[in-house]
Amino acid sequence: MPFLNKLQLWADDRPDDTAVAVGGKRLTWAQLRDDATLRLGETPATTVLAESNSLQFVVSFAAAVAGLRCCAVLDPLWPAPLIEEVSRRIGPGGGMSDGAELLDGPPDSDFLVGLTSGTTSVPKAFTRSRRSWQLSFDASVEFFGLHQDDVTLAPGPLAASLNLYALSECLYAGAAFHTLETFDVGDAHAAITHDGVTRLVLTPTVLRLLSERGLAGCVDASGIRSIICAGSKLDARTLEAARRWAPNAAIYEYYGASELSFVSGTCLAAGEPLDAGGTGIGGPFPGVELSIRDDAGAEMAAGGHGNICVRSGMVSNGYLWGDDGHALRSFGDWYTVGDQGYLEHGVLHILGRRSDMILSAGRNVYPHEVELALAAVPGVSAAVAAGMPDELRGQRVVAGILPAFGAVTATQIRTGLDGLLAREKRPLQYYLLSELPVTDRGKVSRRVLLEWIADNDPRARPLG
């Protein structure tokens, strides 16, 4: 793992400084090094970690990627049968690895089994080399401006790739990393207030929650210098709340995929306006080349819509299982996960997965684009768009609206979309949601929205 050699360096240079804090419990650089070194003797060649956030998790993870070891990190909230099945597929741990020192293994060796959701109940599994994350660290430290005096708070579960990467990136850069045992808004605000947090890594949903409640509770976030968001596009309301709550923070957002690593990113300096409702998410990430290609691998003309393809050393090594031939495709040394988009003036615009595309009256409409525009309309807290069968159009666009406050009307929404979304892409029917339609695993689902509409579920009422 690319951070272990650096961990040795920080432990020698700054042994008593805080390396990691979880829920107020701390490990110094020297303690982390020593505890992980002691753990090596009981750490097999392959480790499966399915644990909640704790200092113990960090120690186990560091030991599990030392030398030639390889680690898979699973969500501890998964059902026990799913954890057992994934563990079985990864294989037995085997004997103890030969590596007796807490050092990085060869750059081309695999150290991580990543997992990503698929069409089946068992997630797809892919592998990453140590070199791919070292290149990712060098790129992200440069792009995000991470310094040793930064104190990062990533309040989500370490089993999520966003937070696991943030932990590893901080260990590589020699910067303190903080997280919580379980997510709680009050605990996150307390960490920001008392631990000198200068940097947040989180999803837009969590940023909005912390910002809005922070403003209501007068939580001082003026010391935050940077906010890194990923997982979905920032909407105008979230940005406005974050700007007011953390006025001195530069806000970064980036697009990436588990199998591709970083793809593109942008930085919004303090006070800089957002392209409300837009699909753009910056230019190529450092070390990444971007290309839009058709299904045969031919490059599209400027502005043409197609597969977002990348060429970089950060791409994963491919799948251990779950490869259906479409999840991660390559055209020579260009790779894509099938996300659709286009390049305009050097900025990548994300349209979404082709499988989500709605074909309405001969026009291609991407729900992601519709949802971003709707989320920028005053009075809308969140939106979910989908395509319903239509005898005349083939499909018609519908949208579920979760109001931000009070009541919102279809007329207000239609008026608010002026200048944000082309008329031919606008929903023909709106539904007022009492809650977001989510799957059993908590993911927002367009399919569930359509089921609610078909069943006349009271959670989705027609909005006149």
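Start by selecting helices α5 (residues 130-144) and α6 (residues 161-173), where Trp133, Gln134, Ser136, Phe137, Asp138, Ser140, Val141 and Phe144 of α5 meet Tyr165, Ser168, Glu169, Tyr172 and Ala173 of α6. "Meet" here is a contact, that is, heavy atoms within 4.5 Å. Helices and strands are DSSP runs numbered from the N terminus: H or I over at least four residues for a helix, E over at least two for a strand.

A word on what you have open: this is a predicted model, with local features needing pLDDT of at least 70 and side-chain atom pairs counting only at pLDDT 80 or more, while totals for chains, interfaces and linings use all residues. Residues are numbered from 1 along each chain as its sequence is written, and side-chain values use heavy atoms, with hydrogens and water left out.

Now look at the angle. The axes of α5 and α6 come within 10 Å and cross at roughly 80°. Axes are lines fitted to C-alpha atoms, for helices over the stretch in contact, and angles run from 0 to 180 degrees between N-to-C directions. The two helices are therefore roughly perpendicular to each other; that label covers 65 to 115 degrees, with under 35 counted as roughly parallel, over 145 as roughly antiparallel and the rest as oblique.

**Rings between the helices**

Show the side chains of Trp133 and Tyr165. They form an edge-to-face aromatic pair, 5.2 Å centre to centre with 80° between the planes. Rings of Phe, Tyr and Trp (its six-membered ring) pair if their centres lie within 6.5 Å; planes under 30 degrees apart are stacked, over 60 edge-to-face, and the rest tilted. Trp133 sits in α5 and Tyr165 in α6, so this pair ties together parts that are 32 residues apart in sequence. Add Phe137: with Tyr165 it makes a tilted pair, 5.2 Å between centres and 40° between planes. Because Phe137 is in α5 and Tyr165 in α6, that pair links parts 28 residues apart in sequence.

Are Trp133 and Tyr165 buried or exposed? Both are buried, and Phe137 is buried as well. Buried means under 20% relative accessible area, exposed over 50%, and partly exposed in between (1.4 Å probe, protein chains only).

Widen the selection to Phe111, Trp133, Phe137, Phe143, Phe144, Tyr165, Tyr172, Tyr252, Tyr254, Phe262 and Phe285, which form one aromatic cluster. Then pick Lys6, which lies over the face of Tyr172 at 4.0 Å from the ring centre. For that label, NZ of Lys or CZ of Arg has to be within 6 Å of the ring centre and within 35 degrees of the ring normal.

**The nine-stranded sheet**

Next, colour the open sheet whose nine strands run in the order β2-β1-β8-β7-β9-β10-β11-β12-β13, with mixed pairing. Strands pair if DSSP finds at least two bridges between them. The edges are β2 (25-28) and β13, each pairing on one side only.

At the β13 end, zoom in on β12 (residues 261-268): six of its eight residues are buried, so the strand is largely enclosed by the rest of the structure. Strand β11 (residues 250-257) pairs with β12 in the antiparallel sense over seven bridges, and a hairpin connects the two through three residues. Tyr255 has Ser264 of β12 as its bridge partner. On to β13 (residues 283-284), which is antiparallel to β12 and joined to it by two bridges; Gly265 partners Gly283 there.

Swing to the other end. β1 (residues 18-22) and β2 pair antiparallel over four bridges, with Val22 opposite Lys25 in β2. Helix α3 (residues 55-64) lies across both strands, running at about 30° to β2.

**The four-stranded sheet**

Which order do the strands take in this open sheet? It goes β23-β24-β25-β26, again with mixed pairing. β23 (380-390) and β26 (460-463) are the edge strands. Ten bridges join β23 to the antiparallel β24 (residues 394-403), and Pro389 stands opposite Gln395 in β24. Helix α12 (residues 446-454) packs on this sheet, touching β23, β24, β25 (429-433) and β26, with its direction at about 70° to that of β23.

Last stop: Ile401, found in β24 and buried, with a relative accessible area of 0%. Leaving aside residues up to four places away in sequence, its contacts include Leu374, Val380, Val408, Ile413 and Tyr430.
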